[in-house]
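Biologist: Please take a close look at one part of this structure for me, and then follow it outward into its surroundings. I would like the cut-offs along the way.

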Amino acid sequence: MRIVIVGAGIGGLVAALSLHAAGQRDIQVVERVRELRPLGVGINLLPHAVRELSELGMGEQVAGIGVAPGRLAYFNRHGQPIWSEPRGLEAGYRWPQLSVHRGEFQLLLVEEVERRLGAGTVRQGLRLIAVDHGAGDGRTDVARFVDASGATVSMEADVIVAADGIHSALRRQHHPDEGDPVWNGLVLWRGTAVVPAYLDGRTMIMAGDGEQKFVAYPLAAPDAPAGRSRVNFIAERRAAEGAEAQSDWNRPVDPAPIVDLFADWRFDWLDVPSVIASAERILEYPMVDRDPIPRWTFGRTVLHGDAAHAMYPNGSNGASQAILDARTLAHRLATEPTVEGALAAYEDERRPATARLLEMTRRLGPEQVMQLAYERAPGGFADIHDVIPQVQLEHIARDYKVAAGFDPTRLNERSSLSASATSSQGV
């Protein structure tokens, strides 16, 4: 079976590895940029995604380029603790949570795809313009690309996986009136910096509320002699009324105005403006997502990852959900009797689940504890339990884990999404 994957992001590359592990051998990954570079900043891979990477034999490799946070802690904008919980192995999972640099992780995946599937599997410099459905008596689709010179390149395939991101050409082809991604009015500034280690050196922190927030987590273990570590951070602020969202997700900006916005956020355990000022560079982008759509499958082409369900980063789950997409799709193609049945089963499983999760992220996901604390005690509090009952904090944390698919009890008990053998039914 000939498979073309459009997009060499995390989801597309894990799809290639998963399909190969499931017995597929004719796979081409096509990427629009002419040269993949380690761009971006940090991301978190939650235990359900690390489980699937481990099933692919990549757990140790990924762990080697990141750090496993042991705790997630929420604070208000005054640095007062709201809620804290163990993460990864410390929370009872059989797999860690891993914080990694997105670009380094992407290049690691590219290298592994080329090693396992062969040199040239990832073809760069081709931009998808459209997919023609129903070629070859309805049994294949044809993806049409354009290269840097403007020449058209066509690829016929039994399955086309559109993992081409939030601005997906395949999604736009079938939803031409959808318009730009939906902006919620928040602007995010992301960067990395080498700063003095805070708390225990392995804690992911979120401070603030729905109007202004700061997130930080280590991307490497602290350097013991210097007591410093490389951290990823996200500074967030609601834009002025009437502002318009920028669509460039990699626009460098001057850190000085952002430092000023957080000038008073100097906590006993972290100097927020100092972290921002120490950034190697800062990228600005709007917090955007996409509304759910009623179908992901068109002919023998299917949406995947952000192309299907772009969502806010609340809950740190975007990359993990793309990995689950990849593993589910490979499993279905290996176990269903027909391609059509496999794509339908994949969509039936993943589309409702990601729609529910998208709705939760729009309601701030687990980060709603910070907004509740702000609404009930904007000036701070003596004890968080005077503001939000313990049982409510526990419910918010647990409900998100269940919806996102990484409740520890269920994850530890359920079977893997692994598809380790080719289907005997000949899909």
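**The second largest pocket and what surrounds it**

Modeller: Happily! Let me begin with the chemistry of the lining of the second largest pocket: its residues divide into seven nonpolar, four polar and four charged. Here Ala, Val, Leu, Ile, Met, Phe, Trp, Tyr, Cys and Pro count as nonpolar, Asp, Glu, Lys and Arg as charged, and the others, Gly among them, as polar. Please keep in mind that this is a predicted model, in which local features need pLDDT of at least 70 and side-chain atom pairs count only at pLDDT 80 or more, while totals for chains, interfaces and linings use all residues. Residues are numbered from 1 along each chain as its sequence is written, and side-chain values use heavy atoms, with hydrogens and water left out.

In total 15 residues line this pocket, and Leu324, Glu349, Arg350, Ala353 and Gly405 lie nearest its centre. Two or more lining residues come from each of helix 10 (318–335), helix 11 (339–362) and helix 13 (390–404). Helix 11 gives the most, with five residues. Helices (H or I, at least four residues) and strands (E, at least two) are DSSP runs, numbered from the N terminus. The space in the pocket comes to about 210 Å³.

As for how such spaces are found, the search uses a 1 Å grid over the protein atoms alone: a cavity is a set of points where a 1.4 Å probe fits but cannot get out, a pocket is an open set with protein on both sides within 12 Å along at least five of seven lines, and lining residues have an atom within 4 Å of a point. Grid points are joined across faces, edges and corners, and a volume is the space filled by probe spheres set on the points.

Let us follow helix 13 out of the pocket. It also supplies the largest share of the lining of the largest cavity, five residues. Strand 5 (71–75), strand 6 (81–86) and strand 14 (203–208) each supply at least two residues there as well. This cavity has a volume of about 120 Å³, and the whole structure holds four cavities of 30 Å³ or more. Of the 20 residues in its lining, Leu72, Tyr74, Glu85, Arg87 and Pro366 lie nearest the centre. By class, the cavity lining has 13 nonpolar, four polar and three charged residues.

Helix 13 has a helical partner too. Its axis and that of helix 12 (residues 368–376) come within 10 Å and cross at roughly 150°; axes are lines fitted to C-alpha atoms, for helices over the stretch in contact, and angles run from 0 to 180 degrees between N-to-C directions. Gln368, Val369, Leu372 and Arg376 of helix 12 meet Gln392, Leu393 and Ile396 of helix 13, where contact means heavy atoms within 4.5 Å. Four of these contact residues are nonpolar, two polar and one charged.

Just beyond helix 13 in the chain, an aromatic pair deserves a look. Rings of Phe, Tyr and Trp (its six-membered ring) pair if their centres lie within 6.5 Å, and planes under 30 degrees apart count as stacked, over 60 as edge-to-face and the rest as tilted. The count comes to nine aromatic pairs. The rings of Tyr93 and Phe406 have their centres 6.4 Å apart and their planes at 25°, so this pair is stacked. Tyr93 sits in the loop between strand 6 and strand 7 (98–101), and Phe406 in the loop between helix 13 and helix 14 (408–413), so that distant parts of the chain, 313 residues apart, are linked.

Strand 7 then leads us to a sheet. It belongs to an open sheet of three strands in the order 3-7-4, with antiparallel pairing; two strands pair if DSSP finds at least two bridges between them. Strand 3 (42–45) and strand 4 (66–67) stand at the edges with a single partner strand each, so one side of each is left without a neighbour in the sheet. Strand 3 is joined to strand 7 by four bridges, and Asn44 stands opposite Ser99 in strand 7. Finally, helix 4 (residues 102–117) lies across strand 3 and strand 7, running at about 85° to strand 7.
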